[in-house]
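Trainee: I would like a close look at one part of this model, set against the chain it belongs to. Please take it step by step.

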Amino acid sequence: FRGYTGHEHLDEVGIINIVMKKNQNKGVNGSFSLNAGHPAEYGGAYSINIRRKNVNLFSSYGVEYDKRPGYGNSYQYYSSADTSFAYTQRNDRSRQELSHNFTVGMDYFFNDNTTLTGSVLYNTGEGSNKATTVYDDFDETGAIARTVNRAELEKEDEENIEGTLSFKKNFEKKGQSLNADFKYIKSVDDESTDYTESVNEGTDSLQRSINFADEVNWLFQLDYIHPFGKEGKVETGFKTATRIIKNEYGLQSFDPDADWIQIPEYTNYLTYTERIHAAYLMA
């Protein structure tokens, strides 16, 4: 396939991390928004906060759809004493995506100095990329020697789940505090692409590829500060974190006599595990 470059495995998967700002005002507070743009961009969102005595509830949701067209063309000419060639390339493409973001959480105030906060974030999106590219190769006389038509259709599904739990306590003694945080994140980014190519309006040749990327993270961290004397203090804590990445890439070519055939040199499986454990003590 002319012009094809295989995907490399992903080194990192993007993580969406939204930090909600707590509203201390009692009652119900919220905001709503809508947006629209050209050529095609539409969205809406809300954010709401409900405070009652020792409980604060918060939630937000946003949805967005956009579609972006594009095009391009190029001309290349090369000449030397031995040979010369020229070709043109024309490209039309479009990308569309629909995404949703939802967050819900709660603060519980045991008292003015002790708070427990929990929240869950869910993000999902699906998109498609379409591209059609035409190559014209010219011979030495300037006539078209070969025309290659290549079409690509890529579909992408994304999902992200994040859960957090946080405990914060400020003691009566000024500067003394205890913080504990737990976080769990799971991300999925799956892509599949179909390729169709023909030369001089001949029989189409077909290929398809997959690129599945999954990542799981979890973290627990505990920090404690104990002051002593006029300006002294002791800080201690520990942290443990685990990160697991799985990635699968594959490319297949269609054979009318044997159905889909895997291409070994474009097949890759990756599993990466990272574990970090740390502790500290400072005075």
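Trainee: To start from the outside, what does the accessible surface of the chain come to, and what percentage of it belongs to carbon and sulfur atoms? After that, please look closely at the nonpolar surface patch.

Mentor: Please keep in mind throughout that this is a predicted model. The accessible surface of the chain comes to about 18100 Å², and 53% of that area belongs to carbon and sulfur atoms. Before the patch itself, some background on the chain will help. There are zero helices and 11 strands, and the radius of gyration is 28 Å, well over the 19 Å that the globule rule gives for 283 residues, so the chain is more spread out than a compact globule. In keeping with this, the C-alpha trace spans about 90 × 45 × 45 Å along its principal axes, and 29% of the 283 residues count as buried. Among contacts between residues at least 6 apart in sequence, 62% join residues at least 24 apart.

The nonpolar patch covers about 770 Å² and is made by Leu57, Met106, Tyr108, Phe110, Leu116, Leu165, Phe182, Tyr184 and Trp218. Strand S4, residues 84–111, and strand S7, residues 177–199, each supply at least two of these residues, and the largest share, three residues, comes from S4. Another member, Leu165, is found in strand S6, which covers residues 144–170. With a relative accessible area of 45%, Leu165 is partly exposed, because that class lies between the 20% limit for buried and the 50% limit for exposed.

One patch residue also leads to a buried position. Tyr108 belongs to the patch, and Tyr108 is in contact with Thr114, whose other contacts beyond its neighbours within four places in sequence are Phe109, Phe167, Lys168 and Lys169. Thr114 itself is placed in strand S5, residues 114–138, and counts as buried because its relative accessibility is 4%.

Trp218, another residue of the patch, can be followed into the pairing of the later strands. Strand S8, residues 205–228, pairs with strand S9, residues 232–255, in the antiparallel sense over 22 bridges, and Tyr224 stands opposite Thr236 in S9. The hairpin of S8 and S9 has three residues between the strands, and within this hairpin Gly229 takes a positive phi near 65°. S9 also pairs with strand S11, residues 268–282, in the antiparallel sense over 15 bridges, with Asn247 standing opposite Leu270 in S11. Strand S10, residues 259–262, runs antiparallel to S9 and is joined to it by four bridges, Gln252 stands opposite Gln262 in S10, and the hairpin formed by S9 and S10 has three residues between its strands.

Finally, two loop positions deserve a careful look at the backbone. Most residues other than glycine have a negative phi, and most peptide bonds are trans. Lys53, in the loop between S2 and strand S3, which covers residues 55–79, has a positive phi near 50°, and Lys53 counts as exposed because its relative accessibility is 73%. The peptide bond from His38 to Pro39 is cis, with omega near 15°, and Pro39 lies in the loop between strand S1, residues 27–37, and strand S2, residues 41–52.

How values were computed:
Residues are numbered from 1 along each chain as its sequence is written. This is a predicted model: local features need pLDDT of at least 70, side-chain atom pairs count only at pLDDT 80 or more; totals for chains, interfaces and linings use all residues. Side-chain values use heavy atoms; hydrogens and water are left out. Patches are made of residues with over 30% relative accessible area and no salt bridge: like charges are joined within 9 Å, nonpolar side chains (Val, Leu, Ile, Met, Phe, Trp, Tyr) within 5 Å. Accessible areas come from the Shrake-Rupley method with a 1.4 Å probe; for residues, only the protein chains shown count as cover. A salt bridge is a side-chain nitrogen of Lys or Arg within 4 Å of a carboxyl oxygen of Asp or Glu. Buried means under 20% relative accessible area, exposed over 50%, partly exposed in between (1.4 Å probe, protein chains only). The radius of gyration is taken over C-alpha atoms; the globule rule is 2.2 Å times the number of residues to the power 0.38. Contact means heavy atoms within 4.5 Å. Two strands pair if DSSP finds at least two bridges between them.
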